[in-house]
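Reader: I'd like to learn how to read a structure like this one, feature by feature. Can we take it slowly?

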Amino acid sequence: MRYLLPLAIVVCLNARPADKPAGWGPVEYLVGDWTGEGGGGPGQGSGSFSFKPDLQGKILLRKNRAEYPASKDRAAVVHEDLMVVYRDAPDAAPRAIYFDSEGHTIRYDVRAPADGGEVVFVSGPEPSAPRYRLTYIRVDQDRLKIRFEIAPPGHSEQFATYIEASAHRTGK
């Protein structure tokens, strides 16, 4: 025998609260849509990214797209990536996992001092792999600076700046 649930019950079972960024502390100011321009190892580029709460606010999704024009030495490049910021437990420090269109996967610990001045994503040291550090420095509520650094294998604390950029909020 097949039972049919009344429509009102089905709607309630499928309803969920709106995704909210609450509870992310010093990382919360990153939530929104951002546009920026920058430079660095790959050359001048432009792009945009967003941090959006998902899964009823349990995670933050960062989607990024950067475009680098052709130069005399290389063709134009489009870089896309996705990062999921999460907590292993409600009171645990945030962590993140990153995937990009070049095939990289990076696991980050997230450091965010209570003053909210910066958020640092840093990968763990591995003897035979580079180490990565991505820093968002808050300029004000709607502007930030971004620095992406790489440390060579075997020299996990010798970070060198690869890309520096700035961004402004275009939505929340």
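Reader: How many helices and strands does the protein have?

Author: Helices and strands here are DSSP runs numbered from the N terminus: H or I over at least four residues for a helix, E over at least two for a strand. By that count there are 1 helix and 10 strands, in the order α-β-β-β-β-β-β-β-β-β-β. Bear in mind that this is a predicted model, where local features need pLDDT of at least 70, side-chain atom pairs count only at pLDDT 80 or more, and totals for chains, interfaces and linings use all residues. Residues are numbered from 1 along each chain as its sequence is written, and side-chain values use heavy atoms, with hydrogens and water left out.

Reader: Which element has the lowest mean pLDDT, and which the highest?

Author: pLDDT is the predictor's confidence in each residue, from 0 to 100. Helix H1 (residues 7–14) is the lowest at a mean of 39, and S5 the highest at 96. Residues 1–18 fall below 50, and beyond near neighbours in sequence that stretch has 4 contacts in the model (contact: heavy atoms within 4.5 Å). Where pLDDT is low, the predicted coordinates should not be read in detail. For the protein, the mean is 83, with 82% of residues at 70 or more.

Reader: Which residues have the most contacts inside the largest nonpolar core?

Author: A nonpolar core is a set of buried Ala, Val, Leu, Ile, Met, Phe, Trp, Tyr and Cys residues joined through side-chain atoms within 4.5 Å. Buried means under 20% relative accessible area, with a 1.4 Å probe and protein chains only. The largest core has 25 residues, and Tyr 108, Phe 121, Tyr 136 and Leu 144 have the most contacts inside it. Strands supplying at least two core residues each include S2 (45–54), S8 (131–140) and S9 (143–151). Leaving aside neighbours within four places in sequence, Leu 144 touches residues including Trp 34, Phe 49 and Tyr 136.

Reader: Why do Trp 34 and Phe 49 count as stacked?

Author: Rings of Phe, Tyr and Trp (its six-membered ring) pair if their centres lie within 6.5 Å; planes under 30 degrees apart are stacked, over 60 edge-to-face, the rest tilted. The rule gives 9 aromatic pairs. For Trp 34 and Phe 49, the centres are 6.1 Å apart and the planes at 10°, so the pair is stacked. Trp 34 belongs to strand S1 (residues 32–40) and Phe 49 to strand S2, 15 residues apart. Both are buried. Phe 49 also pairs with Tyr 136, tilted, at 5.8 Å and 45°.

Technical notes. Buried means under 20% relative accessible area, exposed over 50%, partly exposed in between (1.4 Å probe, protein chains only).
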